[in-house]
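Student: I should like to go through the terms used for this structure and hear the reasoning behind each one. May we take them in turn?

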Amino acid sequence: MAAPDGRVVSRPQRLGQGSGQGPKGLGACLHPLDSLEQKETQEQTLGQLDMLRKAQEFFQTCDGEGKGFIARKDMQRLHKELPLSLEELEDVFDALDADGNGYLTPEEFTTGFSHFFFSQNNPSREDAGEQVAQRHEEKVYQSRGNEDLGDMGEDEEAQFQMLMDRLGAQKVLEDESDVKQLWLQLKKDEPHLLSNFEDFLTRIFSQLQEAHEEKNELEYALKRKIAAYDEEIQHLYEEMEQQIKSEKEQFLLKDTERFQARSQELEQKLLCKEQELEQLTQKQKRLEGQCTALHHDKHETKAENTKLKLTNQELARELERTSWELQDAQQQLESLQQEACKLHQEKEMEVYRVTESLQREKAGLLKQLDFLRERNKHLRDERDICFQKNKAAKANTAASRASWKKRSGSVIGKYVDGRGILRSQSEEEEEVFGIPRRSSLGLSGYPLTEEEPGAGEPGPGGPYPRPLRRIISIEEDPLPQLLDGGFEQPLSECPEEEEVSDQGVQGQIQEAPPLKLTPTSPRGQPVGKEALCKEESSPSAPDRLFKIVFVGNSAVGKTSFLRRFCEDRFSPGMAATVGIDYRVKTVNVDDSQVALQLWDTAGQERYRCITQQFFRKADGVIVMYDLTDKQSFLSVRRWLSSVEEAVGDRVPVLLLGNKLDNEKEREVPRGLGEQLAKDNNLIFYECSAYSGHNTKESLLHLARFLKEQEDTVREDTIQVGHPAKKKSCCG
Ligand SMILES: Nc1nc2c(ncn2[C@@H]2O[C@H](COP(=O)(O)OP(=O)(O)OP(=O)(O)O)[C@@H](O)[C@H]2O)c(=O)[nH]1
Ligand SMILES: [Ca+2]
Ligand SMILES: [Mg+2]
């Protein structure tokens, strides 16, 4: 600010100084004489030219590099060459730089140079120039004046002085000698021209006076303007200073604010960082604590580990010892199991043999009975013939009685009192029980009668006494005891929970001495219906025996089904089964002989308690319904629950829907049967005893299942520690 300030301030000074040039320029034109004027003008012109040349030279000196202008630096380089100080040179530059752009063009330099060179920086030189001119003029005038001055009287002096006063030259001219000489010369040489000269002088001086006044006025105006300008500049400067100051303050204020904000921000950040650092430190401490704890734990665990390892080793040794013991025990158990199995099989085979022998015995007895019947008939016929003759009749009657006496000791005698009695009893039973169908009694009646041609059909002499009052007793068969009290006793009254005695066949036989098993069939020899089914069974002895109990509502076709299965026959209008009956049939299942002991139960309600007893020793159960009778299907659930009640769910159950041949009257859709079987995990078939459809297939399925189940049970019992699971039937 100082530089422009200095420049701005210095300019009016320069101008002020420059104003002093005016009178000098005027002074130069004041020479009154033409020649002198011309001479002076010439000299002036010459001086100006000289100065111009000098200025050009000086410019070239300054602009050493030939740039075409002079910078402030160029000027400062002249410091050494010129007798001027650096400040003075600076001032010179500022004065010369008219437009203030920091460069001096050649024009600026030369115009400014003359003024500066002569007036400011080297006033002595200007004065010298003037003195030189003055001296030169003085010499001219003196040379002339010296000739005339001596002549000039005091008159002339006073005259001239008067003229000067009149013209007021004192105000304008400093040195009147030149004019005085001229005036004296003219008065002396050409006195007639004096008045003209004086007029000329008057005119000149008045003009000069005017010019002087004008100049003064101008000077005054200029000064005033400069003062105003200076004042304005000063004012502007001050204003500017003020503005700068205020801006500076504002800037400072803003800066401070910004700085404060920033410092606050930074402080906050720092605080945050410090907190973070503290947290981190705490965390680190915590982690360190955890680390040490873990380290400690690790040590403890290590110790524990070693302890556990030792224990483990000990336990392993113990385990080894125990496993050895267990293995021994297993081997023992295995051998025991094998023994038990062998015993069981032997027992079963014994049972089978006994059953067979009993059956054969029974067949023999039945044959005897038939023979006796024949005999009886024959005797009766004879008696009838002889009845008309009294004597002969009496003899005949005696013989007849003798024959009865003789049969009453036989096995059948125990069962059958006589033809008539038996018949009436059968009829009586039908009335008592309200059986809609005629009932076949016990097991034995039909096979033999139907086995022997003609025997099954009622003879021409009246209805054949088919029903036989006997229920087979085998192994745990409780019926003999139940029936001992007399057949008239209703079977439904028998105690439900009477324990099934595990008596052997031997015991049974001993307990019923009146039965007096026929001596023609010694015990141990197989008898029974097996012989009837011989053509289907293999000649070799069966490997195993399964007891299967057949249940279902009355008239669903159980007996018919069994007949179809064992004899491949169907007899319509079968009598309802009384009590229980059984058949044995050996079938071939996967290259092994399986004897099936099929227990045919009575479906009628009053025999239920007997049936219930038989479930206990059953290996399998067949529940049958009549697919043309909805009620029989509805009863299936009851049958199933009574089976479950007796044996749980350990025995496989085969569900059979019979009478498939009678599709017209079907009441139970196949889907229902299937669903029921699926829900209860049963084997399911729809079959027909009439056509034989699915009779063999269904029973073989059950037999195979039983065999496989037994096989797995055997395997599992050998492998101790792997308990056998109950196999699914319908899988
Ligand atoms: N259409 C037809 N009728 C049959 C079939 N099976 C049995 N029947 C007849 O159904 C009736 C009853 O037969 P049974 O075999 O005595 O019936 P059950 O189940 O033994 O009867 P209970 O001994 O009283 O339990 C008889 O009239 C048979 O002829 C069959 O598959 N189709
Ligand atoms: Ca300039
Ligand atoms: Mg029956």
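Student: Where is Asn681 placed?

Tutor: In this predicted model, Asn681 sits in the loop between α22 (670-680) and β10 (683-686). Its phi is near 65°, a positive value in a residue other than glycine. Most residues other than glycine have a negative phi.

Student: Why is Asn681 called partly exposed?

Tutor: The relative accessible area of Asn681 is 30%. Buried requires under 20% and exposed over 50%, with partly exposed in between, so Asn681 is partly exposed.

Student: What makes Asp591 exposed?

Tutor: Asp591 has a relative accessible area of 81%, and exposed means over 50%; therefore Asp591 counts as exposed. Asp591 belongs to the loop between β6 (580-589) and β7 (592-601), and has a positive phi of about 65° although it is not a glycine.

Student: Which atoms are the protein donors of the calcium ion (ligand 2)?

Tutor: They are Asp97 (OD), Asp99 (OD), Asn101 (OD1), Tyr103 (O), Glu108 (OE) and Glu108 (OE), at 2.1 to 2.7 Å from the ion. Along the chain, these donors follow the spacing D-x1-D-x1-N-x1-Y-x4-E.

Student: Why is the arrangement around the calcium ion (ligand 2) called irregular?

Tutor: The 6 donor atoms subtend angles of 57 to 154°. Six donors count as octahedral if opposite donors are over 155 degrees apart and all others between 65 and 115. The range of 57 to 154° does not satisfy this, so the arrangement is irregular.

Student: Are Asn101 and Glu108 buried or partly exposed?

Tutor: Glu108, with a relative accessible area of 10%, is buried, because buried means under 20%. Asn101, at 44%, is partly exposed.

Student: Why are α8 and α10 called oblique to each other?

Tutor: Helix α8 (residues 154-167) and helix α10 (residues 177-189) pack at an angle of about 120°, their axes lying 11 Å apart. Roughly perpendicular covers 65 to 115 degrees and roughly antiparallel begins over 145; an angle of about 120° fits neither, so the helices are oblique. Their crossing is right-handed.

Student: How do you know that helix α19 (residues 608-615) is largely enclosed by the rest of the structure?

Tutor: 8 of the 8 residues of α19 are buried, and the helix is therefore largely enclosed. Among them are Arg608, Cys609 and Phe615.

Student: How many disulfides are found in the whole structure?

Tutor: The search finds 0 disulfides. As for individual cysteines, Cys687 is buried because its relative accessibility is 0%, whereas Cys341, at 22%, counts as partly exposed.

Terms used: Residues numbered from 1 in each chain as written. Chains lettered and ligands numbered in written order. Predicted model: local features only at pLDDT ≥ 70, side-chain atom pairs only at ≥ 80, totals over all residues. Heavy atoms only, no water. Disulfide = S-S within 2.5 Å. Buried < 20%, exposed > 50% of the residue type's maximum accessible area, 1.4 Å probe, protein only. Donors = N, O, S within 2.8 Å, 3.2 Å for Na, K, Ca; no water. Tetrahedral: all angles 85-135°; square planar, octahedral: opposite > 155°, others 65-115°. Axes fitted to C-alpha atoms, helices over the stretch in contact; angles between N-to-C directions. Helix = DSSP H or I, 4+ residues; strand = E, 2+ residues; numbered from the N terminus. Parallel < 35°, antiparallel > 145°, perpendicular 65-115°, else oblique. Left-handed = near helix turned anticlockwise from the far one by under 90°.
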